[in-house]
Amino acid sequence: MLHVESLRLEFGGVVALRDVTFTVEKDEFFAILGPNGAGKTSLFNCLSGLVRPAGSIKVDGTELIGRKPHEIADLGIARTFQNLGLFGSMTVAENILVGSHLQIRGGALSAAFRWPATFSSERRARARADELMELMGLREYRDLVVETLPYGIRKRVEIAKAVASGPQLLLLDEPVAGMNHEETEAFVDFVLELKQRLGLTIVMIEHDVAMVMRIADRILALDFGETIGLGTPDQIQRNERVIAAYLGTVDGSQTPALLSMEEATSE
Ligand SMILES: Nc1ncnc2c1ncn2[C@@H]1O[C@H](COP(=O)(O)OP(=O)(O)O)[C@@H](O)[C@H]1O
Ligand SMILES: [Mg+2]
């Protein structure tokens, strides 16, 4: 579904992404792992048209590089942001309606809910927002102002807003950052169920290694803008560059999480 090839992004002298290549299959739960500054958010910014990298990003054969963010959204790609992308002074329902006002196509949501074709687009949008709030356990928060809600709930609203446009591909940027253990567990169950209900393909950025290992089908590990591992959780767990960069050195001694690539590869 998603083909990223030889992606390169620079800011002035800083190389944020260097020759990054990977593919995400339809229905996959794909994770991007890496310490702060690894280039994870930059990669999402490339995918959603906020920056213009060199290389190629194709979704179902369509090149994304050079397209505007709204064109990319129309192609069925939605994302959340590391720092909540919500309108804090609006209610939960209003935020979700904003998300759904992106054009609705015959995507995952219509298939999941089968609204009557006679619904006006506004009624469809409201019906969809209500269904989503039901599905996402947000009904009791419907008319509450977002900035008054606990963080875990706000994160859920942000995802509801993102999927309200009926995307095929959902990009989540560190969705559990700032959540405690219970919130994280609940969130994982929630995302897995949502993925199944809506037939979503998910790419999730995360640096909680244990969580990623548990739920991802495949993982791309980045460090300093470069791919240091790509494979199943098992393969990533046994990958020496990943071990050196994040999990301590191969011989068991501890290494700093932000070990430089030179050090990590010069053993
Ligand atoms: N808009 C920008 N201008 C300049 N440098 C940036 C910009 N965005 C990101 N960078 C740099 O690119 C690198 C990767 O950042 P980022 O993609 O945010 O990493 P991550 O999300 O993995 O923490 C960092 O060195 C960061 O400082
Ligand atoms: Mg980031």
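Author: Two strands count as paired once DSSP finds at least two bridges between them. This model is predicted. In it, Ala221 has Gly229 of β10 as its bridge partner.

Reader: What makes β9 and β10 a pair, and which way do they run?

Author: Pairing needs at least two bridges. Five bridges join β9 to β10, residues 226–231. The two therefore pass the cut-off for a pair. They run antiparallel. The pair is also a hairpin, with two residues between its strands. In that turn, Phe224 has a positive phi of about 50°.

Reader: How do you know that β3 pairs with β9, and in which direction?

Author: Again, at least two bridges are required. Four bridges join β3 to β9, so the pair qualifies. These strands run parallel. Within the pair, Phe30 stands opposite Arg218 of β9.

Reader: Why is β9 called largely enclosed?

Author: Because five of the six residues in β9 (residues 218–223) are buried.

Reader: What is the state of Glu28, buried or exposed?

Author: Buried requires under 20% relative accessible area. Glu28 has 8%, so it is buried. Its place is the loop between β2 and β3 (29–33).

Reader: What makes the link between Glu28 and Arg218 a polar contact?

Author: The N or O atoms must lie within 3.5 Å. The side chains of Glu28 and Arg218 are joined at 2.5 Å, so the distance fits.

Reader: Where are the edges of the four-stranded sheet?

Author: The open sheet has the order β2-β1-β4-β5, with antiparallel pairing. β2 and β5 (62–63) are its edges, because each has a single partner strand. One side of each is left without a neighbour in the sheet.

Reader: How many bridges join β4 to β5?

Author: Two bridges join β4 (residues 54–59) to β5. A pair needs at least two, so they pair. Lys58 stands opposite Glu63 in β5.

Reader: Which protein atoms are the donors of the magnesium ion, and what makes them donors?

Author: They are Thr41 (OG1) and Gln82 (OE1), at 2.0 to 2.5 Å from the ion. The cut-off is 2.8 Å, so both atoms count. The two residues are 41 apart: Thr41 belongs to helix α1, Gln82 to the loop between β6 (77–79) and α3 (92–100).

Reader: How exposed are Thr41 and Gln82?

Author: Partly exposed is the band between under 20% and over 50%. Thr41 has 25%, so it falls in that band. Gln82, at 29%, does too.

Reader: What makes α1 mostly covered?

Author: Seven of the eight residues in α1 (residues 40–47) are buried. Among them are Lys40, Ser42, Leu43 and Phe44. Just after α1, Gly49 takes a positive phi of about 80°.

Reader: Which element gives the largest share of the shell around ligand 1?

Author: That is α1, with three residues. The residues around ligand 1 include Lys40, Thr41 and Ser42. By class, the shell has five nonpolar, five polar and one charged residues.

Reader: How do you know that Ser42 makes a polar contact with ligand 1?

Author: An N or O atom in the Ser42 side chain is 2.6 Å from an oxygen atom of ligand 1. The limit is 3.5 Å, so this is a polar contact. Backbone atoms take part as well: an N or O atom of Gly37 lies 2.7 Å from a ligand 1 oxygen, and one of Thr41 lies 2.9 Å from such an atom. Alone, ligand 1 exposes 560 Å², and the protein buries 59% of that.

Conventions. Residues are numbered from 1 along each chain as its sequence is written. Chains are lettered from A and ligands numbered from 1 in the order in which they are written. This is a predicted model: local features need pLDDT of at least 70, side-chain atom pairs count only at pLDDT 80 or more; totals for chains, interfaces and linings use all residues. Side-chain values use heavy atoms; hydrogens and water are left out. Buried means under 20% relative accessible area, exposed over 50%, partly exposed in between (1.4 Å probe, protein chains only). A residue is near a molecule or strand if one of its heavy atoms lies within 4 Å of it. A polar contact is a pair of N or O atoms within 3.5 Å; within protein, one must be able to donate a hydrogen and the other to accept it, and residues adjacent in sequence count only if both atoms are side-chain atoms. Accessible areas come from the Shrake-Rupley method with a 1.4 Å probe; for residues, only the protein chains shown count as cover. Ala, Val, Leu, Ile, Met, Phe, Trp, Tyr, Cys and Pro count as nonpolar, Asp, Glu, Lys and Arg as charged, and the others, Gly among them, as polar. Donors are N, O and S atoms within 2.8 Å of the metal (3.2 Å for Na, K and Ca); water is not among the atoms, so sites may look incomplete.
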